Amino acid sequence: MTEREPYAGTTRKLVLAFDVGTTYSGISYSILDPGESPVINDVTRFPATDRVGGNSKIPTIVYYDGEGNPRSFGGEALQEAIIERADEEEWVKAEWWKLHLRPKDMPSVHVDDLDIPALPPFKNAIDILTDFLTYLFQCARTYIEESHANGPDVWTSFGDNIDFVLSHPNGWEGPQQAQIRRAAVQAGLVPDTPEGQARIRLVTEGEASLHYCLESRNTADGFRDDVGVMVIDAGGGTIDITSYYMTSSESPPTLHEIAPAECRLQGSVFVTLRAGEYLHEKLQGSRFGTEEDITLMKDEFDRTTKLRFSNPNDPSFIRFGTVRDRDPEYNIRSGQLKLPGNEVAALFAPSAEAIIAAMEEQRRAATQPISHVFLVGGFGASDWLFSRLKEYLDPLGLQFCRPDGHTNKAVARGAVAFYLDHRVSARVAKFTYGTRCAVGFDRNDEEHLRRAGSAIPRPSGRTVIPNAFSAILRKVGIAVSETKEFRKDFIVECAERNTCDTIATEIVCYRGNSQNPRWADSEPAMFSNLCTVHADTSRVSRTLSPRRGFAGMQFYRQQFSIVLKFGLTELEAQISWVEDGEEQRYEAVFLHGIHRIKPTRTGALQQWFSTTWLKLSEFAGSGYSHYMSRVCG
């Protein structure tokens with residue numbers, strides 16, 4: 001267990017962590033009082049919920065009426081009276097909707113949107129997330145007011161001094177993080193201001209699970225110097241795997257990520273999806289093979305059979321009807337379907353194999369040997385899954401265990417611990433990050449000659465080739481300290497001085513396998529835009545002196561740098577330039593469509609810019625190794 005220092009703040013603060021899962025969601029919190037050591041608590045009472053998914057979870061379900069209004073959430077949505085009313089009034093149930101947020105370029109050949117329950121016709125996944133965050137916030141307030149002495153006064157004492165920690169799968173990236181932040185604003189958790197956004201912390205489910213394991217008595221011995229640990233968070237939708245190494249060279253000892261985090265779409269809901277397909281095929285020809293009966297069987301499999309399954313040598317049963325329901329030819333007697341254990345195991349097998357493949361990828365990429373593996377998450381409670389992974393890991397000499405307590409509350413509790421302790425100080429980049437640019441034409445370069453038809457003359461007299469990619473932060477498998485900066489210098493060239501008043505550039509992610517990606521047009525599917533960074537450089541542009549280029553053409557040139565930091569769970573991008581002899585910076589936080597621009601110049605006003613993805617069309621020139629494009633629009 002972590003022994004925390006007393007809170008050094010001067011006023012009371014509440015930290016709320018919301019774990020919105022594919023199937024279940026939970027809340028943990030900590031009340032920070034000056035001079036007192038923080039303690040992590042769980043919200044263990046929710047409306048109409050009696051230990052559903054453990055005593056700290058509610059189903060991630062919302063019912064909407066015909067006008068798009070949310071009518072019932074969580075455990076309430078499972079009450080018989082609500083189900084009956086939903087049927088009578090034609091409400092629409094939203095479940096597993098979190099999977100619609102997944103990055104579309106995630107490896108997921110086994111699933112597409114048609115395999116996931118459809119969203120209500122009047123809602124998108126961000127709308128549902130907004131409504132669900134609103135509900136979780138109400139649940140947290142009610143629980144604190146009812147569970148603490150003078151609870152209403154305790155809640156009032158927080159005022160707006162509430163910070164939020166929101167978790168997401170390892171595979172969610174900048175656009176998904178932006179959507180989560182937008183939903184938090186729409187839910188009224190924080191205002192749509194830089195100060196409001198600063199009250200939101202995002203953490204990957206893998207890193208939150210790590211902090212949970214650090215809290216556990218059973219796993220404490222696994223965190224020692226010179227020992228690598230792997231944490232598997234097996235959830236409803238995703239399998240998130242991360243590996244770390246503890247170092248005592250820092251005080252207090254911290255952990256470094258030693259391999260790029262893994263995320264696989266093979267959580268427990270995919271076992272249920274496979275069960276539905278299996279039942280459709282198995283019961284063809286039976287009078288119980290109707291869509292209604294199979295839906296009942298699949299739901300019962302999800303609620304009970306899947307949770308109880310442990311031994312492939314023993315049969316499993318799905319109860320769906322009355323004692324009069326029989327079809328012996330299909331192993332249906334007394335209203336229950338008997339299934340061979342080996343066939344049920346086959347439904348779990350793809351998820352287990354995906355975990356094993358991800359573990360092997362972690363071990364292969366890890367920069368330190370791994371000796372301990374910890375399994376958490378709701379799916380981690382499956383005895384069959386635990387046995388299968390243990391069977392695989394034992395011959396490898398790896399120590400394997402499940403921490404004590406409810407493993408399905410690992411992310412929410414770990415998210416609060418992440419906020420309080422911040423034990424990870426370095427992370428590994430999964431991709432290469434940089435920007436599109438233009439480079440000076442080189443007649444001796446085959447790649448340049450191949451693109452000679454796209455060459456662009458610049459006022460300076462130089463000819464440049466567009467669609468180059470300049471890598472700033474490379475995927476090299478080495479942990480990056482959260483304080484380390486990666487930068488490259490660029491120039492922008494303008495015919496008119498006032499067009500240098502603003503610099504705007506896209507930050508681009510490269511997902512391919514090349515160690516040195518040079519051209520964005522060579523693998524276009526491997527490049528994607530993360531955000532656009534804007535900077536107000538009007539003050540320095542007024543000091544630019546005109547230059548003379550080809551045929552006496554007048555132009556202006558401005559130099560700037562792009563700076564990236566990767567040590568945090570969100571990539572940080574900045575534009576840097578020199579003004580009056582001092583470096584100035586603007587920072588972009590990744591918000592979908594709207595990007596927060598935070599100038600670091602003393603006395604400068606914080607601004608918000610509404611942006612869209614703009615085509616890079618006009619390119620710079622002159623004697624720099626990289627040329628930055630002008631964004632026009």
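G21 is buried in this predicted model, its relative accessible area coming out at 10%. The residue sits in the loop that joins strand 1 to strand 2 (24-32). Leaving aside residues up to four places away in sequence, G21 touches T60 and K98. The second of these partners, K98, is 77 residues away along the chain, yet the C-alpha atoms of G21 and K98 are separated by 7.2 Å.

R71 gives another view of the local packing. This arginine belongs to strand 6 (residues 70-73) and counts as partly exposed, with 36% relative accessibility. Once residues up to four places away in sequence are set aside, R71 touches Y63, Y64, D65, R85 and W91. As for K93, 22 residues from R71 along the chain, the C-alpha separation of the pair is 9.9 Å.

Zooming out, the chain runs to 633 residues, and 56% of them count as buried. The secondary structure amounts to 13 helices and 34 strands. Among contacts with a separation of 6 or more, 68% come from residues 24 or more positions apart.

Helix packing is illustrated by helix 2 (residues 125-147) and helix 4 (residues 174-186), whose axes come within 8 Å and cross at roughly 50°. With that crossing angle, helix 2 is oblique to helix 4. The crossing of the two is right-handed. On the helix 2 side the contact is made by I126, L129, T130 and L133, and on the helix 4 side by Q179, I180, R182, A183, A184 and Q186. Sorted by character, the residues of this contact between helix 2 and helix 4 comprise six nonpolar, three polar and one charged.

Salt bridges come next, and a search of the whole structure turns up 37 of them. In one, the side chains of K13 and D163 meet with an N to O distance of 3.2 Å. K13 is part of strand 1 (residues 13-20) and D163 is part of strand 8 (residues 162-168), so this salt bridge ties together parts of the chain 150 residues apart in sequence. Both ends are tucked away from solvent by the accessibility criterion: K13 is buried at a relative accessible area of 16%, and D163 is buried at 6%.

The D42 and R413 salt bridge spans distant parts of the chain as well. Here the closest N and O atoms are 3.0 Å apart. D42 lies in strand 3 (residues 41-42) and R413 in helix 11 (residues 410-421), with their positions 371 residues apart in the sequence. D42 counts as buried, with 10% relative accessibility, and R413 is buried too, with a relative accessible area of 18%.

E361 and R364 offer a local counterpart, their side chains meeting in a salt bridge at 2.5 Å, N to O. Both residues are in helix 9 (residues 341-365), and because they are three residues apart there, about one helical turn separates them. As for accessibility, E361 is partly exposed at 29%, whereas R364 is exposed, with a relative accessible area of 59%. Elsewhere, salt bridges also join up into a network, one that links E485, R487, K565, E583 and R585.

Finally, a look at the backbone. Most residues other than glycine have a negative phi. E90 goes the other way: this residue is not a glycine, and its phi is positive, at about 60°. The position of E90 is in the loop between helix 1 (80-89) and strand 7 (92-95), and E90 is exposed, with a relative accessible area of 65%. D580, also not a glycine, has a positive phi near 55°. The loop that holds D580 runs between strand 29 (572-579) and strand 30 (582-589), and D580 counts as exposed at 66% relative accessibility.

How values were computed. Residues are numbered from 1 along each chain as its sequence is written. This is a predicted model: local features need pLDDT of at least 70, side-chain atom pairs count only at pLDDT 80 or more; totals for chains, interfaces and linings use all residues. Side-chain values use heavy atoms; hydrogens and water are left out. Axes are lines fitted to C-alpha atoms, for helices over the stretch in contact, and angles run from 0 to 180 degrees between N-to-C directions. Helices (H or I, at least four residues) and strands (E, at least two) are DSSP runs, numbered from the N terminus. Angles under 35 degrees count as roughly parallel, over 145 as roughly antiparallel, 65 to 115 as roughly perpendicular and the rest as oblique. A crossing is left-handed if the near helix is turned anticlockwise from the far one by less than a right angle, and right-handed if clockwise. Contact means heavy atoms within 4.5 Å. Ala, Val, Leu, Ile, Met, Phe, Trp, Tyr, Cys and Pro count as nonpolar, Asp, Glu, Lys and Arg as charged, and the others, Gly among them, as polar. A salt bridge is a side-chain nitrogen of Lys or Arg within 4 Å of a carboxyl oxygen of Asp or Glu. Buried means under 20% relative accessible area, exposed over 50%, partly exposed in between (1.4 Å probe, protein chains only).
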